[in-house]
Amino acid sequence: MTRAELVVDGIVQGVGFRPFIYRIASRLELNGWVRNLGGAGVQIVLEGPKKEIDVFIEKLKQDNPPLSEIEELSIDFSEEKNLESFEIKQSSRSKEGTGVIPPDTAMCEKCLDDMRNKESRFYNYWATSCVDCGPRFTVIKNLPYDRETTSMNEFEMCEECKEEYKDPLDRRYHAQTIACPKCGPRVYLEPNQKTQDPIKEAAERLEQNQIVAIKGTGGTHLACKTESKPVEELRERLGRENQPFAIMSPSIEEVRAFAYLNKKEEEIINSIKKPIVVLTKKPSYSLAKEISPGLHTIGVMLPYSGLHHLLFEHIDEPLIMTSANPPGTPMFIENQKIKSGLRDIADSFLLHNRQIVSRCDDSVIRVQGEKTKFLRRSRGYAPSPVSLKIDSEPILALGGELDNTIALYSQNNCYISQYIGDVNGPETFRYLKKSIDHLLNITGIKQPENIVCDLHPQFKTTKYAEELGGPIRVQHHHAHMASILGEKNLDQKIIGIGMDGVGYGSDGKIWGGEVLVSDRGSSKKIGGLSYQEMPGGDLATKYPPRMLAGILYPMDGLKDLLENYRFPYGKQEIDNILKQLDESINVFQTSSTGRFLDAVSALLDVCQKRTYEGEPAMKLEKVARKGEPLDIDLKYHKKDEKKFLDTRDLIIKLLELSEKEKEQDIAATAQQKISEGLSEIAIEAAEQNQIKKVGVSGGVANNSMIVEEIEKKLGENGLELLINNKLPLGDGGISFGQIVTAGARLVNFN
Ligand SMILES: [Zn+2]
Ligand SMILES: [Zn+2]
């Protein structure tokens with residue numbers, strides 16, 4: 001007889017791991033015990049014949065529960081101590097082992113059956129869950145994952161729930177979120193709930209074109225019908241002019257009525273993670289055009305919580321489901337704040353009495369061919385780690401500013417937080433700090449001494465990193481490239497194309513169309529888009545015609561030309577802009593791809609005012625899809641041994657073409673030529689440096705046409721395109737990239 005002591009690290013708490021262990025140990029007639037460790041791992045002691053123990057270990061590796069992920073397994077053999085049974089022990093409070101509890105997942109099929117079965121005690125109960133499904137990340141306060149450490153601690157289990165909870169052969173054995181209509185959290189409708197069925201009543205109010213705030217499992221949505229009237233009303237009340245709303249569709253069949261779904265998209269939209277998938281509208285699209293005005297796409301998700309499923313039993317059509325927050329603040333999650341914060345926005349409130357410990361916005365994914373691109377990696381994915389081999393002590397990265405996330409590294413795993421947002425606002429910044437604490441709590445990692453931030457001296461995250469002490473600073477586009485290297489487990493030099501709106505450059509200018517030679521620890525700019533002037537700084541981001549003026553300046557007849565475009569203060573504003581450019585006052589320099597596309601968008605009158613991030617470029621993409629690129633030559637220039645694409649020359653040529661050619665052809669030309677220019681510079685650099693791989697990242701890389709064009713050009717020259725698919729291409733991936741770079745620098749330093 002032998003004794004084996006095992007420690008399993010990874011996602012092994014809150015996923016039915018201990019009952020799974022209990023079942024295989026019992027079947028193999030092994031004695032011993034299993035318990036959760038305070039550091040998120042699981043400890044197992046087995047006694048019995050060595051042969052049976054080996055079988056156990058095989059089964060452990062192969063048949064582990066669907067939500068679990070084994071990262072590491074250690075085994076020690078010793079003399080047996082004559083244990084007489086197998087049991088599940090109380091959790092240990094000690095901080096041994098590492099790991100994390102899983103993300104929230106959509107209601108599983110079995111729970112859905114229970115909820116729909118009139119005979120079941122879970123019939124019509126919104127918060128039904130089991131070890132395979134339900135909230136985790138958003139209800140846990142501390143490790144180890146037990147009922148007492150979650151927001152379910154306020155609900156005392158009834159006898160029936162207790163019985164299931166204690167039965168190792170039950171699907172809800174040790175399911176910490178077990179709850180039923182007798183003992184669990186309750187939903188209610190405000191104001192003036194009239195019946196016993198608040199969910200049905202909420203559906204009726206939606207039917208009457210009300211806007212209803214719905215508090216779900218890990219966040220709050222604003223919901224309304226997908227017709228013009230309620231959607232316009234919601235835009236008006238939220239002050240959200242054009243930014244697209246996501247919708248929730250009752251079924252996949254319903255989705256097919258208005259959007260294309262390829263195999264990959266279908267697989268993702270249907271997965272247990274149930275993210276929003278950005279789909280292409282069909283010509284037969286008949287929902288309100290105000291949902292995603294001026295775009296060819298629409299973000300769609302399927303019901304994921306019991307509450308959603310019950311709601312759609314009473315309303316058989318898609319609904320708007322958008323995060324419940326006014327622009328610039330985090331989503332509301334506390335009942336009081338939901339009611340006060342949305343007082344002027346929602347007509348009714350469907351609430352419940354379970355606390356959301358940490359909010360988690362919906363994830364957003366776009367599919368390009370077989371590739372998945374995260375626009376936002378949050379619910380269903382965070383805080384699952386990305387495996388990362390760095391030989392370093394723990395590291396904390398604070399990310400950048402827009403679309404921010406934070407990341408935490410320890411023992412070959414990088415945990416990336418849920419979506420936090422634009423942390424320039426005070427409330428969102430507080431949310432960032434809370435998210436750091438939450439991530440430390442649920443991974444059991446101590447506050448790291450190694451802190452990483454962006455190069456931008458004015459970011460709040462930079463200043464906070466300085467408070468925390470001696471930060472490592474990483475340039476924005478280098479972080480994008482490092483995120484690719486980390487994700488692909490590569491440790492080598494690559495050529496990088498960083499395309500986005502804004503990132504603080506190592507020369508103090510605003511970068512965003514960069515070609516780099518990067519490895520994990522270092523990066524060098526070797527060219528990109530030429531610098532252009534941004535009259536009025538941020539105003540040029542908001543009003544694309546300013547960007548057009550900045551690029552064309554100086555030019556004969558510019559003043560007359562600009563009068564064709566919309567400037568809020570008309571001629572006077574144009575005079576001011578030209579004066580600013582003459583005197584170089586309040587004029588900034590940028591090599592941003594986003595700003596270039598904005599200028600083209602203004603030139604073609606596709607978008608003259610930006611109301612959300614990426615709007616002009618997204619609308620330009622829609623127009624370009626219908627066009628054929630025209631043939632024009634590109635001009636390059638060299639400076640300090642760097643090669644630049646002359647974007648002024650390019651925009652002048654586009655302007656000339658606009659007098660005789662079709663709008664969509666010019667839009668297609670602009671996109672193609674910017675791709676061609678950056679590819680050319682990258683290809684030349686790859687040859688000179690004998691590099692075969694080219695990484696492409698940054699928010700503009702979410703544009704499929706641009707990436708396809710680059711991939712084609714690289715392919716023709718025998719180069720391989722690398723692009724993120726585990727983490728966002730946009731700034732949600734910055735924190736992870738910062739960790740990768742910091743890791744490399746710390747290793748070199750030691
Ligand atoms: Zn379930
Ligand atoms: Zn109960």
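Is Cys-161 buried or exposed? Cys-161 is buried, because its relative accessible area is 0%, and buried here means under 20% relative accessible area, exposed over 50% and partly exposed in between, using a 1.4 Å probe and protein chains only.

Okay, quick housekeeping. This is a predicted model, where local features need pLDDT of at least 70 and side-chain atom pairs count only at pLDDT 80 or more, while totals for chains, interfaces and linings use all residues. Residues are numbered from 1 along each chain as its sequence is written, chains are lettered from A and ligands numbered from 1 in the order in which they are written, and side-chain values use heavy atoms, with hydrogens and water left out.

Let's stay with that cysteine. Cys-161 is one of the protein donors of the zinc ion (ligand 2), together with Cys-158, Cys-180 and Cys-183; each uses its SG atom, and they lie 2.2 to 2.3 Å from the metal. A donor is an N, O or S atom within 2.8 Å of the metal (3.2 Å for Na, K and Ca), and water is not among the atoms, so sites may look incomplete. Cys-158 is buried too, with a relative accessible area of 12%.

What about the geometry? The four donor atoms around ligand 2 subtend angles of 104 to 116°, so the arrangement is tetrahedral. For that label, four donors need all angles between 85 and 135 degrees. As a yardstick, the ideal angle for four tetrahedral donors is 109.5 degrees.

Now over to the zinc ion (ligand 1). Its protein donors are the SG atoms of Cys-108, Cys-111, Cys-130 and Cys-133, at 2.2 to 2.3 Å. The angles run from 103 to 118°, which makes this arrangement tetrahedral. Along the chain the donors of ligand 1 follow the spacing C-x2-C-x18-C-x2-C. Cys-111 sits in helix α3 (residues 109-116) and Cys-130 in the loop between α3 and α4 (159-166), so this pair ties together parts that are 19 residues apart in sequence. By the way, helices (H or I, at least four residues) and strands (E, at least two) are DSSP runs, numbered from the N terminus. Cys-111 counts as buried because its relative accessibility is 0%, and Cys-130 counts as buried at 0% as well. If you look at ligand 2 again, its donors follow the spacing C-x2-C-x18-C-x2-C.

Next, the sheet. Here 10 strands form an open sheet, in the order β6-β13-β7-β8-β12-β9-β11-β10-β14-β15, and the pairing is mixed. Two strands pair if DSSP finds at least two bridges between them. At the edges you find β6 (187-190) and β15 (371-376), each with a single partner strand, so one side of each has no neighbour in the sheet. Further in, strands β7 (residues 212-215) and β13 (residues 348-352) run parallel and are joined by three bridges. Look for Ile-214 there: it stands opposite Leu-350 in β13.

Then there are helices on that sheet. Helix α5 (residues 198-207) lies across β6, β7, β8 (220-225), β12 (319-323) and β13, at about 35° to β6. Those angles run from 0 to 180 degrees between N-to-C directions, with axes fitted to C-alpha atoms, for helices over the stretch in contact. Helix α6 (residues 228-238) packs on the sheet as well, touching β8 and β12, and its direction makes about 140° with that of β8. Contact, here, means heavy atoms within 4.5 Å.

How many of the 10 residues of α5 are buried? Seven are, so α5 is largely enclosed by the rest of the structure. Among them are Pro-198, Ile-199 and Leu-206. The buried residues of α5 pack against β6, β7, β8, α9 (306-311), β12 and β13. Just after α5, Asn-209 takes a positive phi of about 70°.

Last stop, aromatic rings. Rings of Phe, Tyr and Trp (its six-membered ring) pair if their centres lie within 6.5 Å; planes under 30 degrees apart count as stacked, over 60 as edge-to-face and the rest as tilted. That rule gives seven aromatic pairs. In one of them, Tyr-531 and Phe-644 have ring centres 6.4 Å apart and planes at 40°, so the pair is tilted. Tyr-531 is in the loop between β24 (523-529) and β25 (532-535) and Phe-644 in strand β28 (residues 642-645), 113 residues apart. Tyr-531 is partly exposed at 21% relative accessible area, whereas Phe-644 counts as buried at 7%.

That's my tour, thanks!

Technical notes
Tetrahedral: all angles 85-135°; square planar, octahedral: opposite > 155°, others 65-115°.
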